Amino acid sequence: MQKVPFSVSWFIPIFWTTLSLSAAHGFLQWNKTRTTLAEFQHWIERFEKDYHRLPLQLAEVRALAEAHNQRLAPYDNYGMRLQYLPLTETDYLIKSFGRDEQENRPQTSVDPTISTISKKAETFIQAEGLQESIPQFYQPAFLEGTQSPETGLIASVVIQPQFHLRQLLIRSPKNADFYMVAFHDMVEEFLWLPSGMEVVFTAFGSQRYEDGIFYWNLKDNSIHNMLPDIKKQFWKDLPEDWLFYGSLSHISHDPGLIYLLLAPAGSEELNPKEFYSFKNLLAIPINEGLAGKVEAQRIQTDLAFTAFDYDLTQDRLLKTAEMASPVQQEWLALSLEGDTEELISSWQDFISNHPTSPMCVYGLWWLSSVYNDAFQSLSTRGSGEAQVIRGFGIEMTEALIGVPTAPRYLRAMGRFLKKHLMQSRPADYNVTTLPDER
């Protein structure tokens, strides 16, 4: 029997038809999912209008729709449950995990998303690698938005005060659908690592998740908590559930090191001068081992030195201030030198103008400390204004302590300062350079 020669002439039309149907099906699913997201957006906005707040969960949105005889299934058209996150008092994110059923990653296709936060400014500062092994105050301007110079992605912390949430977002200024959200709901501070594909962040005080210093690899969306290894290395005798105060300091690019301040919580009060000392400064090498067991290093120097022995200028750690957003520019313009009244007024104005910014609580601590310096100076001079200044300082510390979403260590430093001011005894640190005469 003669074998019929193979021909691709009949195969090509079938192949392209199948391929076209597959593409059309994918496009159809995308459009249907966008329609589903838009329906939820409508009911979220209806909920906000009726109850004067964003819903905490999609269940609230679905209940409202049900009351109006509308059924909303909390799934996209790929069969995956939708993700909804209230980000601020007015901003939210609702997204699908798409055909791959996974979180966005820089190398993958972007999933359908609707977010109101995408309307914000897209120009943000970049961090500068600092080749110094000294304790640094965390730069709060990073929280408003920091751009990775390698990838252009923007990281920021957004706060939802009604639900006591602090969330870390990674987004793209070029694609409004691209969002990555860290799992933790009480992220305090973050820093980009040199690759632009990795982030380190601190998170303390969640009711759902463990405290930690987390390494987040965006390429595979993997997150590793480095705190347990560090606790075993330096505080193995402490109970596993012992609380810690932690703050990121800065990144060094050469050699690659993550600097952070970490101390066991001995009480609910934290002395800034003791916290920002070399005895609490740790360095973690930046290498492939960050996803596994981590070994930190202590800085070999005089442990009595503190951050207060160095320059406290607000614009340190920045690659350039030219890219700063308007609110970041306001922060960077604040000073710790000059006339006392003008200093207090400028810090007070920033706090009043930006109460929802993640920088606000840092402003409260700095302003409280300015009041502490002024009280100390006026008390030495025997001025009658000293007690008035002390009273304002106490009010600022109470405001800081009363913010549930403020970083744990900041609230503890607020309690320390409040205790001293309540006793008419200035705290033993200074943040300002005040003129000798007023």
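This is a short talk on one chain, from its overall make-up down to a single glutamine.

Okay, so one thing up front: what we're looking at is a predicted model. The chain has 438 residues, and 52% of them count as buried. On secondary structure, we've got 10 helices and 17 strands. If you like surface numbers, the chain exposes about 20800 Å², with carbon and sulfur atoms supplying 51% of that. And for contacts between residues at least 6 apart in sequence, 59% join residues at least 24 apart.

Let's pick out one sheet. Which strands are in it, and in what order? Going across, it runs β5-β6-β7-β8, an open sheet of four strands with antiparallel pairing. At the edges sit β5, residues 146-147, and β8, residues 179-181, and each of those pairs on one side only. In between, β6 covers 154-160 and β7 covers 165-171, and those two are held in antiparallel register by seven bridges. If you want one to click on, take V157: its bridge partner in β7 is L168.

Now over to Q233, which is in helix α4, residues 227-234. Buried or exposed? Well, partly exposed, because its relative accessibility is 33%, and the buried class stops at under 20% while exposed starts over 50%.

So who does Q233 touch? Leaving out residues up to four places away in sequence, the contacts are V294, E295 and A296. A296 is 63 residues away along the chain, yet the two C-alpha atoms are 8.0 Å apart. Look at the side chain of Q233 there: one of its polar atoms lies 2.8 Å from the backbone oxygen of A296.

That's my tour, thanks.

Methods:
Residues are numbered from 1 along each chain as its sequence is written. This is a predicted model: local features need pLDDT of at least 70, side-chain atom pairs count only at pLDDT 80 or more; totals for chains, interfaces and linings use all residues. Side-chain values use heavy atoms; hydrogens and water are left out. Buried means under 20% relative accessible area, exposed over 50%, partly exposed in between (1.4 Å probe, protein chains only). Contact means heavy atoms within 4.5 Å. Accessible areas come from the Shrake-Rupley method with a 1.4 Å probe; for residues, only the protein chains shown count as cover. Two strands pair if DSSP finds at least two bridges between them. A polar contact is a pair of N or O atoms within 3.5 Å; within protein, one must be able to donate a hydrogen and the other to accept it, and residues adjacent in sequence count only if both atoms are side-chain atoms.
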